[in-house]
Amino acid sequence: MKWEGNRESDNVEDRRGAGGGGGGGGFSLGGRGIGIGTIVIALIGGAVFGINPLQVLDMLSGGGGGGAVPSSQPATQQTPATDKQTRFVKVVLADTEDVWGKLFQEKGAQYVKPKLVLFSGATGTACGTGQSASGPFYCPADQDVYIDLSFYTLMQERFGVSGEFAQAYVIAHEIGHHVQNQLHISDKVQQVRERGSEKQANQMSVRLELQADCFAGVWAFHGNQARSILEQGDVESALKAATAIGDDALQRQSQGRVVPDSFTHGTSEQRARWFSKGLQGGQMEQCNTFDTRSL
């Protein structure tokens, strides 16, 4: 991915090395706190990137192969805010700001830029305490994206996914949830989820997540058109990331079987297809996962 020398966003807050984040007894959304022991898992409404909470807990306890992921490991030393990975995050965030700012402006609306918070171990959010075990997530209450960059190591070691564009896809997916929040889609989905059954709530969550994947593709389309960011193999790495974190793939890895009614993010095929749909045309209108019978 070509990104060196591009504009860096000023909306990145570096909390690494600050220790645990305090505040709240679990990660919450819409007033509902969720926590199991010291491992705090952000549920779908909190927009965790691609991981079903029950599957994460299984993996954290050793299920599905591989070692446990630490729930909280505060850094002992502040990571320089000018290191390459931090600069990469700032550039990707800036690129999403430019793309979505322009797309919103074209529709006569204003895009409110979110803040991206880098943390290690745990940190306080308006949604409760966010922890590394949750993976990257978006908190609609403060409109911030939270990332412990050790997640990228997890992507490579557990899922075999590497490459800077795959990492950018992680950020773009979470920004996709911010776009949904700006368009008031998230609120409407949450209202439907609260009124429906667990199965119906899961189905709505799948549609929300697939739309965020599609929005990530929309960003990539316009970012490449404006700044030629894509290199050979980049799209394949992002598709591999989308495939690796499909509900069916994660369930097979963690429990050896697939339970479709429990899906909350979509299958591997669905995630890759909706990301590709956004990438191919760059049209937000093509990302309406709520008005299609076949996902």
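The exercises below work through salt bridges, strand pairing and backbone angles in one predicted model.

Residues are numbered from 1 along each chain as its sequence is written. Because the model is predicted, local features need pLDDT of at least 70 and side-chain atom pairs count only at pLDDT 80 or more, while totals for chains, interfaces and linings use all residues, and side-chain values use heavy atoms, with hydrogens and water left out.

**Exercise 1. Find how many salt bridges the whole structure holds, and describe the one between Arg7 and Glu97.**

Step 1. The criterion for a salt bridge is a side-chain nitrogen of Lys or Arg within 4 Å of a carboxyl oxygen of Asp or Glu. A search of the whole structure on this basis returns 11 salt bridges.

Step 2. For Arg7 and Glu97, the closest N and O atoms are 3.0 Å apart. Arg7 lies in the segment before β1 (12-14) and Glu97 in helix α2 (residues 84-106), so this salt bridge ties together parts that are 90 residues apart in sequence. Helices (H or I, at least four residues) and strands (E, at least two) are here DSSP runs, numbered from the N terminus.

Step 3. To place the two residues, take buried as under 20% relative accessible area, exposed as over 50%, and partly exposed as in between, with a 1.4 Å probe and protein chains only. Arg7, at 38% relative accessibility, counts as partly exposed, whereas Glu97, at 3%, counts as buried.

**Exercise 2. Describe the salt bridges that Arg271 and Arg273 form, with the location and burial of each partner.**

Step 1. Arg271 pairs with Asp213, and their closest N and O atoms are 2.8 Å apart. This pair links distant parts of the chain, since Arg271 is in helix α9 (residues 268-281) and Asp213 in helix α6 (residues 198-227), 58 residues apart. Arg271 is buried at 0% relative accessibility, and Asp213 is likewise buried, with a relative accessible area of 0%.

Step 2. Arg273 meets Glu269 in a salt bridge of 2.6 Å, N to O. Both residues lie in helix α9, 4 residues apart, which is about one turn of the helix. Arg273 is partly exposed at 35% relative accessibility, and Glu269 is partly exposed with a relative accessible area of 47%.

Step 3. Elsewhere, salt bridges that share partners join Glu13, Arg15, Lys115 and Asp144 into one network.

**Exercise 3. Work out how strand β4 pairs with β1 and with β8.**

Step 1. Two strands pair if DSSP finds at least two bridges between them. Between β1 and strand β4 (residues 115-118) there are 3 bridges, in the parallel sense, and Val12 has Leu116 of β4 as its bridge partner.

Step 2. Strand β4 also pairs in the parallel sense with strand β8 (residues 144-147), over 4 bridges. In this pairing, the bridge partner of Leu118 is Ile147 in β8.

**Exercise 4. Locate Gln143 and Ser228, two residues other than glycine with a positive phi, and state how accessible each is.**

Step 1. As background, most residues other than glycine have a negative phi.

Step 2. Gln143 has a phi near 60° and is found in the loop between β7 (137-139) and β8. Its relative accessible area of 29% makes Gln143 partly exposed.

Step 3. Ser228 has a phi near 50° and lies in the loop between α6 and α7 (234-244). With a relative accessible area of 43%, Ser228 is partly exposed.
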